[in-house]
Amino acid sequence: MSSNNPLDLYRKMHDEAQARIKSKEDKPQVLIGTATCGVAAGALQVRDDFVREIEEKGLDAEVVEVGCIGHCYAEPLAIIAKPGFPPVCYGYLDEGLVHRLVEDFLGGDDPSYEYALAALERNDVFPTFEDFPRGIYEEKLILENCGFIDARDIDSYISREGYSALATALTQEPQAVLEEVKAANLRGRGGAGFPAGLKWEAAIKSGGNEKYVICNADEGDPGAFMDRSILESDPHLVIEGMILCAYAIGSQMGYLYIRAEYPRAVRHVQDAIDQARERGLLGSSILGTEFDFDLEIFQGSGAFVCGEATALISSMEGRMGMPQSRPPRLASRGFRGMPTVLNNVKTFAYVPLIIHHGAEWFKSIGTEESPGTAVFSLVGKVANTGLVEVPMGTSLRQLIYDVGGGLPGNRDFKAVQIGGPSGGCLPESALDVPIDFDSLHQAGAIMGSGGLVVMDQDDCMVAVSRYFLEFTQHESCGKCTFCRIGTKHMLDTLVDITQGKGDTETLGLLEELAEDVRDGSLCNLGRTAPNPILTTLRYFKDEYKAHIEEGRCPALVCRDLILYYIEPPKCSKLCNVCVGSCPTEAIFTREDGLKEIDQEKCVKCDNCRKACPTEYNAVVKLSPPVLPPQKEKAVK
Amino acid sequence: MQLLEGEKELILACVDEVLSNNSKNRENLIPILQKVQVRLGYLPPLAMEKIAEGIKVPPADVYGLATFYNQFRLNPPGKHQVKVCLGTACYMAGGDITLESFERRMKIKESETSPDRLYSLERVACVGCCTMAPVVVVDEEVEGKVTPTRVDGIMLALNEENDKSNLEQEPEQGRMDSDELK
């Protein structure tokens, strides 16, 4: 063993990595966003197109796969970095565009700015992402590297000062790491916002030699993909955070609990662990010190409740993921009965940054009570969907209208759903609520894991609650009576309402039951399951009433309360599009040549309405489902 | 579901192999189930019994795990697997209508496999491409903005492919990518 100082060892490693990465930058590089979202949009095809085109032209350029660039609305995305030009990001790529970019930009000198989204470095010719409203509000801390580094090459991370926080920490006492994280007031990003430093301290105080560090990457929310994107795009950041935590609390073994449904994340993290081990950043005597720590992946099998700490531990021990009552907290008795620190992916990702830049820097971002940033997956009826990171304290209005670019087609905003199945729906009046743990909680929603769905006038709030209840009811582990039976009853009531059934008492009973389930459940799945109902009842009670009292769905969504109708004055006799579009052959031609829908056969799939040419727009939805009186008789 | 000819032997051999490569303790139960599923494509009752025997836990515990976690499937995957995304964004864009259309065309319900094992239909939580909602994954290919008409188109293409391969050979069963899991 060498007597080298960890910092010297690290410097050497860093310089070598940088030299290697720099040497690559001498020739043009094409960085393609191939996180799961990109792949789904066809990024692998785009990659192959680039490789083929470059080969055909005999150019000297490298195609690199990077993670999530964050501008999901424009997938597939690529960044082209050519010496002499600012790196430029292109979106909506297809074979034709790839051909053009290779020919004109890589082969020639025309960056084809008309197809570019933005440049990535300040320059005199083309705006950068920072020049758009989104860039003004966005502040990337843990997403900084995402989409710009090769997740499967450790040098890519090291050359950007990666693992320097670890090297620095190793020259100090473990206590120093803990103090820094505590001073930064880093709150857990799993949803509840418990200070990470206090959790770590409790684990230290529990004593003993065997302790565990576990990273919770069991992201189960439908519509949330932040954790996956970080693990796919920048796995070393999370790994470094876990090593720092292990050093602080004196742990030798850690696990990453990753959903098996995220095969790409599992593969990237496994590669990252192997490479870190090779470099002596994991395993025994890390960076030449006496500190030993190793990591393994545990693949979660997909159960939403396993996001709960005690359920996650049960599942790692080979049991059903059922939560236990706390205390004892995991910090005193966790995995294998030993003190355990369990934090979310994002929480660990902040740790290296805090150690590197200091607690004061971290606290200068965000609000006093919730320092740092918030990461959201912005989806639904919003122009620029994607992965965004904004400082805590940004208002929802800024997030949706400035960062997200507002609603497409000038539609009216109706609600925003935050926090997934455990969160709530907030109306227009709540848009000025600042985003932080406490303010959102007061408004009735939660920070949760960071899923954010924007809804407009075409979305029915009752149907949305029913959707989330379907999810929580299915995912309830069945341990607590209130959660097991209560969610089922709430769901049944909601299904009834969407069918127009119910009476004046229904809403009162629903609200009462929702409160009982909230109070009578052990873990947060049950305690928060009624949130979608409680918030929609609070802000959108009229919609519930319209369903029950008038048998009408104002958003024209609930299929039992609408029917499709072809307006005879608008229908053209010369067109047959709707007939062909109908999957159940419910549309027929009347004797007078106009089209009509056989209501018995209609499954209300909306196909004919979409198919009807815009110059006619003859297909309409009616609620309540009553056919207008037949005015004109078929001409004999 | 009826076992096919030779499937029993395949199951026994697979379970044996996985059990002999992993230490037989409770903590390894979920990883073992995962590995068997990767090889067989699903968890047949026989496999669960054999695993329970190997790890020395009651078969009910193994069945409990297999039904508790969404990842495990008790039905063999069809030759063509269709997964309909019902994440928040897809649901709001009409994912349930797409699912219904598939149910109608395949004549099976969600999470079932057709008796000839040609098709299986599943709902999944989120594929991660919410901008293309509603999304379906047909044999690992992602299809975006799927309408009932597109469902008919997909089914037509799959049927045609089946007719072709029927002429050439018997469909392969229990195909798997064994390098996904070690």
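Analyst: Before we look at any loop, note that helices (H or I, at least four residues) and strands (E, at least two) are DSSP runs numbered from the N terminus. The model is predicted: local features need pLDDT of at least 70 and side-chain atom pairs count only at pLDDT 80 or more, while totals for chains, interfaces and linings use all residues. Residues are numbered from 1 along each chain as its sequence is written, chains are lettered from A and ligands numbered from 1 in the order in which they are written, and side-chain values use heavy atoms, with hydrogens and water left out.

User: Thanks! Which residues does a cis peptide bond join, with omega of about 5°?

Analyst: Those are Pro327(A) and Pro328(A). Pro328(A) sits in the loop that runs from helix H13 (309-316) to strand S9 (340-344) of chain A. Another cis bond joins Glu75(A) to Pro76(A), with omega about -10°, and Pro76(A) is in the loop between strand S2 (62-66) and strand S3 (78-81) of chain A. Most peptide bonds are trans.

User: What makes Lys145(B) count as exposed?

Analyst: Exposed means over 50% relative accessible area, buried under 20%, and partly exposed in between (1.4 Å probe, protein chains only). Lys145(B) has 55%, so the label exposed applies. Its phi is positive, about 50°, although Lys145(B) is not a glycine. You will find Lys145(B) in the loop between strand S5 (141-143) and helix H7 (148-168) of chain B.

User: Why is Leu556(A) called partly exposed?

Analyst: Leu556(A) has 26% relative accessibility, so it counts as partly exposed. Its phi is also positive, near 55°.

User: How do you know that the side chains of Arg20(A) and Asp153(A) meet in a salt bridge?

Analyst: The term asks for a side-chain nitrogen of Lys or Arg within 4 Å of a carboxyl oxygen of Asp or Glu. For Arg20(A) and Asp153(A) the N to O distance is 3.0 Å, which fits. The two partners are 133 residues apart, with Arg20(A) in helix H1 (residues 6-25) of chain A and Asp153(A) in the loop between helix H5 (133-137) and helix H6 (154-158) of chain A. Arg20(A) is partly exposed at 36%, whereas Asp153(A) is buried at 10%.

User: What separates Asp49(A) and Arg52(A) in helix H3?

Analyst: About one helical turn, because they are three residues apart in helix H3 (residues 43-57) of chain A. Their salt bridge spans 3.2 Å, N to O. With 3% relative accessibility, Asp49(A) counts as buried, while Arg52(A), at 32%, is partly exposed.

User: How many residues of chain B are in contact with chain A?

Analyst: Contact means heavy atoms within 4.5 Å, and 39 residues of chain B are in contact with 54 residues of chain A. There are three salt bridges between these chains. One of them pairs Glu27(B) with Arg336(A) at 2.6 Å, N to O. The elements of chain B giving two or more residues to this side are helix H2 (29-40), helix H4 (59-68), helix H5 (88-92), helix H6 (95-106) and H7. H6(B) provides the largest share, five residues.
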